[in-house]
Amino acid sequence: MTNNIEIDKILEDELGKRTRELTAIRATVDSILSDNSSSYYKNIQVKMAFVLLYSHWEAYIWNASVHYMDYIRQNCPFIDDLSQELQRALFKIYMDQTYINPPTKNNHRPGSPGELLTDFSKKSVFSEIQNFKESRIGGKSKHHYDKIIPPMNMSFDSFQKIKKNLGLRDVFGEELEKNAKKGLNETHDQILAKHRVNLENLLKHRNSIAHGSTINIFEVTKDPGETKEEIEKKIESKIKSSVDEYGECHDSIVLFLTTYKDAIINSCDNSLYKKQS
């Protein structure tokens, strides 16, 4: 992709498909409270919802980031013309591959993982930096997006790391404006703190469900002497709290997906990936 319209369409189309499915999942989860089906089936629905919500979250952030890097590579191929954040991320990859156990012709890496090779002292650091800055995004950088966009559990912190590597900034102007109209004077940091909790809760549920640790998300402790009706009330309360928690996670994810797309488009439109004079 070489123009802003193309990357905008790609990101919008994918986000549209994902948000449509997420909207349907949210409606299904919300309907649980008025559904007469057993808690067994409600448990399955909520567990599936958490896993699907997370899968859309991780996949979109990864895909959008790769599209953004491809766009940059085609529109600003020379590393010295990139923003400081991108140069820093790419330079770390370059140095790791050049000096920290680079692969040999036989695909073997000498020394132990992370061991600094002895020929480092034989080369000029300044010369190496200059060679790097004059090179193009390709070779040692092009096929190593996973170093900039690490394939890991998409926690709040890992998401923030990706944004930092790509030089992207939070775009919460719309949410701040809506909150101000409601009389909520939330700061940018307060908004982030609120969403951090929701993202960490989502990752916790996804991991426990995907790894088989959580069998029944509505499980409650049965105290001695409790009647069947009292236990059922506990389960109903747990169902409601789980539905509410899913709703909060859903709202955070949809917001973060949208603002991440907006941040990428904003960077492309205003050439923020380039070195600022």
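This section describes helix α9 and its partners, aromatic pairs, salt bridges and cysteines in a predicted model.

Helix α9 spans residues 228-269. It has 42 residues and reaches 61 Å from its first C-alpha to its last, close to the 62 Å expected at 1.5 Å a residue. After α9 comes Ser-271, whose phi is positive, near 55°. Several of the side-chain pairs described below involve α9 or the segment that follows this helix, and they are considered by type.

Aromatic pairing is treated before charge pairing. The count of aromatic pairs comes to eight. One of them joins Trp-57 and Phe-256 in an edge-to-face arrangement, with 6.1 Å from centre to centre and 70° between the planes. Trp-57 belongs to helix α2 and Phe-256 to helix α9, so that distant parts of the chain, 199 residues apart, are linked by this pair. Both Trp-57 and Phe-256 are buried. A further edge-to-face pair is formed by Tyr-71 and Tyr-273, whose ring centres lie 5.8 Å apart with 90° between the planes. Because Tyr-71 lies in helix α2 and Tyr-273 in the segment after α9, this pair ties together parts that are 202 residues apart in sequence. Tyr-71 has a relative accessibility of 2% and therefore counts as buried; Tyr-273, at 3%, is likewise classed as buried.

Trp-57 and Phe-256 also take part in a cluster, in which ring pairs link them with Phe-156, Phe-159 and Tyr-260. One ring of this cluster, that of Phe-159, has Lys-163 over its face, at 5.4 Å from the ring centre.

His-56 is found in helix α2, which covers residues 39-75. With a relative accessibility of 8%, His-56 counts as buried, because the cut-off for this class is under 20%. Leaving aside residues up to four places away in sequence, His-56 touches Arg-18, Glu-21, Leu-22 and Leu-257.

Side chains of opposite charge can pair when their charged atoms come close. In the whole structure, 12 salt bridges are found. Among them, Lys-261 and Glu-12 meet at an N to O distance of 2.9 Å. This pair connects helix α9, which holds Lys-261, with helix α1 (residues 4-31), which holds Glu-12, across 249 residues. Lys-261 is buried at 7% relative accessibility, whereas Glu-12 is partly exposed at 36%. Another salt bridge is formed by Arg-26 and Asp-251, with the closest N and O atoms 2.9 Å apart. Here too distant parts of the chain are linked, Arg-26 being in helix α1 and Asp-251 in helix α9, 225 residues apart. Arg-26 is partly exposed, with a relative accessible area of 21%, and Asp-251 is also partly exposed, at 42%.

Asp-80 forms a salt bridge with Lys-275, the closest N and O atoms being separated by 3.3 Å. Since Asp-80 lies in the loop between α2 and α3 and Lys-275 in the segment after α9, the pair ties together parts that are 195 residues apart in sequence. Both partners count as partly exposed, Asp-80 at 25% relative accessibility and Lys-275 at 44%. Salt bridges that share partners also join Glu-12, Lys-261 and Asp-262 into one network.

Finally, the cysteines were examined. A search of the whole structure gives zero disulfides. Cys-76 is buried, with a relative accessible area of 3%, and Cys-268 counts as buried at 3% relative accessibility.

Key:
Residues numbered from 1 in each chain as written. Predicted model: local features only at pLDDT ≥ 70, side-chain atom pairs only at ≥ 80, totals over all residues. Heavy atoms only, no water. Helix = DSSP H or I, 4+ residues; strand = E, 2+ residues; numbered from the N terminus. Buried < 20%, exposed > 50% of the residue type's maximum accessible area, 1.4 Å probe, protein only. Contact = heavy atoms within 4.5 Å. Disulfide = S-S within 2.5 Å. Phe/Tyr/Trp six-rings, centres within 6.5 Å; stacked < 30°, edge-to-face > 60°. Lys NZ or Arg CZ within 6 Å of the ring centre and 35° of its normal. Expected span 1.5 Å × (residues − 1). Salt bridge = Lys/Arg side-chain N within 4 Å of Asp/Glu carboxyl O.
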